[in-house]
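Colleague: Could you take me through the ligand site in this one, and then show me how the parts around it fit together? I'd like a proper close look, not just a list.

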Amino acid sequence: MSVKTKKVKEMTLDDKRVIEVALAGNPNTGKSTLFNALTGLRQKIGNWPGVTVEKKEGKKRCDGFNLIITDLPGTYSLSAYSLDEKIARSFIIEGKLDVVVQIIDASNLERNLYLTTMLRELGANVVIALNMMDLLEESSSSIDVNKLSKEMGVPVVPMIASSRIGIDDLENTIESIYQKEQKPIRITYSKEIEEVLANVQEILMSIPSIPSDFDSRWLAIQIIQNDPEILTFLKNWNVNKTIIEKLLSFGREDYEAEIIDTKYEFITNVTSKALKRGEEKLTRSDLVDKVVTHKWLGIPIFLIVMWGAFQFVFAISVPFMELIDMLFGWLAGLLVDNINIGWLGSLLGDGIVGGLGAVLIFVPPIFAMFFILSVLEDSGYLARAAFVMDKIMVKFGLHGHSFIPMLLGFGCNVPAIMSTRSLKNNKDRMITILINPFMSCGARMPVFILFAGLFFGAAAGTVIFALYILGIVVAIFTAILLRKTFFKGKSAPFIMELPPYHTPKLRSATVAMWDKGKMYLKKAGTIILIGVMFVWFLAAMPFGGVEYGGPDTWLAAVGTFFEPIFRPLGFDWRIVVALIVGFVAKELVVGALGTIVGGGGSEEGIKDAILADEGFYPLNSLSLMVFTLLYVPCAAVIGVMRKETGSWRWTIFAVVYSTVIAWLFALVVFQLGSLMNLGL
Amino acid sequence: MSNKVTKLDQLEIGDIAKVITIDVSGELRRRLMEMGLTRGTLIEVIGKAPLGDPIEYKFKGYNLSLRKEEANKVVVEH
Ligand SMILES: Nc1nc2c(ncn2[C@@H]2O[C@H](COP(=O)(O)OP(=O)(O)O)[C@@H](O)[C@H]2O)c(=O)[nH]1
Ligand SMILES: [Mg+2]
């Protein structure tokens, strides 16, 4: 911003200068790639204060100086309409930054430069990282880097972030300009606007309380465009009421359009000098789009891609799952048999190792799911999927972007709910969060596989498929209901960039898989582990003489207490216990049943024990599966819902609503089934 | 181009038109213009979603999707 803030900052420890940098840029320009290339693993991920927008900070040691890098939300502009833009803008104004690096997709220069004009008008010290030079070359266009730099009045560093080309240049350029004051480019607007700006600026100059961080021309430009945030600024500076009114009276609807038009005219003038376009024809991406969004082919292709993704997830993960199952089964057995201090062997073996195994077994499919989703996103197809699905989604009270969190929900609802951050409209986002638990996550699968496999033989696949469909139907029904009641109004506009198709990069898919998978591991390591130990404790108490998991334990007492509520669904106390445990995490349900019915902890043993038990039969196993499908997925989901909705009320609503719905559906299944006397 | 004034959502796939103005005010106009739908921009219809909505357009060297409802606010010369 102003010259005053650009003091040399000394770091006491190694006596190196610290340069504070922010990364700005449009979405899909390679911001994350550049950020990772610069900072490696030295990143801190958190939230911007008070909101659920991710904030990443990182450090980089360079030759003779250190960089502190903040990743700003990807934005097309810096107006104060969207949350992301507000965050980026106020960080640039107030962040005491030395340099703002704007990463630009070279193959999409014009629209990217619009953000540059805004950054420069704001007075930021800008370096352009001209990324994706490889794609530019491919399209047989070319950019005259020196001319671009001269016309925009900022240094331009060409680079290919995904191949780490140009990173050193960028660091050196940052170092060379960080103390220099750039002359703001001045876009000259129409005569009328310039006159108004001069008048507003004159008034602004006479207000001493305006901090020097704010450029008065920038403020004037915002004021005459009726920028919604300006009033707050002025009030914070205790500007006299009549002066505020006077200032705001300069604002006019059409100035805004004129200003944007003029900026783009300026840009067109720059690109006419600096950019040589290859022959303008339909690109390969456009041709692919003609097929992928084709009237008849579009939806079948969508379904095939989704089916393929699921096939991939299962094919890749099954061998790993079997390996984990074997390993932990063997380890648990070893502990129980060899530790002779009674309860300790049982705690370590049955409780911790057995429980941990039950959780870790889901790591392969969940990681595979994130991997394939990242591949789909990188390739550009996910944006097309949202495009293809938008109309259907809107019909259901959702938004094209709701589709991705719903898909992710089949893996794990925790990261799925976090991914709703891509929805910028609060109502769209709330509905998408609240319906997500009905998308059947991977942890519910073992319950389905066990019971459908045991009681429905050849029809097991159909039963499981029907359960997934039931979950989707309930989700849609809930979405429509919410849109008609608490979240009335239209879904946000669908102004979405369709990025060109890329060959996905293994590295970025792996990084994304690890980033998101970590959340699951964290959940496994905390909530689920505590849950496992708690179950073990209840199943072993009171100490002395009771059979582990038997009818005299505290666990049985809890189940018996709640049994009356569940008797109409066909559940006895043992199923009730498993379901209560499942409230902590669905991963625990099968294990808890194993504890209670016996079977020695192995999958086969549990199966035999259940088949031999009169308390389990096809009809109540069906209502058990329906109940498992629909009630709260796990404690971690409750936590993440609270965090992402910012409201306990809505979180509690979701818990109560889904449990009631689960109870009702299971009731209908069991009672109808009994009435029709299907012989189940 | 036959110099007929129409709305963006009325065009067929393959049509190329020139933006005249955005016929709506407030945030929607701002966002459309900031994405590059400014006066004089040449815009081509690339394709429509299988259910007819939204629609994919190309201008200023990149592709953008708009719902019919939003495209209907863009006045073009075709
Ligand atoms: N060909 C090419 N692809 C790149 C380059 N930089 C990034 N990408 C790819 O562009 C896609 C979007 O990158 P990402 O860093 O996620 O963009 P962001 O949305 O701005 O954070 C990813 O598939 C990257 O691998 C580059 O210089 N050349
Ligand atoms: Mg990114």
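Modeller: Happy to. Keep in mind that this is a predicted model.

Let's start at ligand 1 itself. There are 15 residues around ligand 1, and those that come nearest are A:N28, A:K31, A:S32, A:T33 and A:D134. By character, the shell splits into seven polar, four charged and four nonpolar residues.

Now for the polar contacts. A polar backbone atom of A:K31 sits 2.8 Å from an oxygen atom of ligand 1. At A:N131 the side chain does the job: one of its N or O atoms is 3.0 Å from an oxygen atom of the ligand. A:S162 also uses its side chain, with a polar atom 3.3 Å from a nitrogen atom of ligand 1. As for how covered the ligand is, it has 580 Å² of accessible area on its own, and the protein covers 88% of that.

Which elements give two or more residues to that shell? They are α1 (31–39) and α4 (133–138), both in chain A. The biggest giver is α1(A), with three residues.

Just ahead of α4 there's a backbone detail to check on your screen. A:M132 lies in the loop between β7 (126–131) and α4 of chain A. Its phi is near 60 degrees, so a positive value in a residue that isn't glycine. For context, most residues other than glycine have a negative phi.

Stepping back, chain A comes as three domains: domain 1 covers 17–177, domain 2 covers 191–276 and domain 3 covers 300–675. Look at how the first two meet. The C-alpha centres of domain 1 and domain 2 of chain A are 24 Å apart, and each of the two domains puts 23 residues into the contact. Together they bury about 2300 Å², with 61% of that coming from carbon and sulfur atoms. On the domain 1 side, the residues losing the most area to domain 2 are A:Y114, A:E121 and A:E151, which together make up 25% of what that side buries.

Then there's the partner chain. Chain B brings 37 residues into contact with 47 residues of chain A. The two chains bury about 3700 Å² between them, and carbon and sulfur atoms hold 54% of it. In chain B, the residues that lose the most area to chain A are B:R30, B:P50 and B:R67, together 20% of what that side buries.

Chain B has a backbone detail of its own. The peptide bond from B:D53 to B:P54 is cis, with omega near -5 degrees. You'll find B:P54 in the loop between β3 (42–48) and β4 (55–59) of chain B. Again for context, most peptide bonds are trans.

One last stop, back in chain A. A:M321 is in helix α13, residues 298–338. Setting aside neighbours within four places in sequence, A:M321 is in contact with A:I361, A:P364 and A:P365. If you want a long-range marker, A:M321 and A:G673 are 352 residues apart in sequence, and their C-alpha atoms are 35 Å apart in space.

Notes. Residues are numbered from 1 along each chain as its sequence is written. Chains are lettered from A and ligands numbered from 1 in the order in which they are written. This is a predicted model: local features need pLDDT of at least 70, side-chain atom pairs count only at pLDDT 80 or more; totals for chains, interfaces and linings use all residues. Side-chain values use heavy atoms; hydrogens and water are left out. A residue is near a molecule or strand if one of its heavy atoms lies within 4 Å of it. A polar contact is a pair of N or O atoms within 3.5 Å; within protein, one must be able to donate a hydrogen and the other to accept it, and residues adjacent in sequence count only if both atoms are side-chain atoms. Accessible areas come from the Shrake-Rupley method with a 1.4 Å probe; for residues, only the protein chains shown count as cover. Helices (H or I, at least four residues) and strands (E, at least two) are DSSP runs, numbered from the N terminus. Ala, Val, Leu, Ile, Met, Phe, Trp, Tyr, Cys and Pro count as nonpolar, Asp, Glu, Lys and Arg as charged, and the others, Gly among them, as polar. Domain bounds come from an automatic or database domain assignment. Contact means heavy atoms within 4.5 Å. Buried area is the accessible area (1.4 Å probe) that two parts lose on being put together, summed over both.
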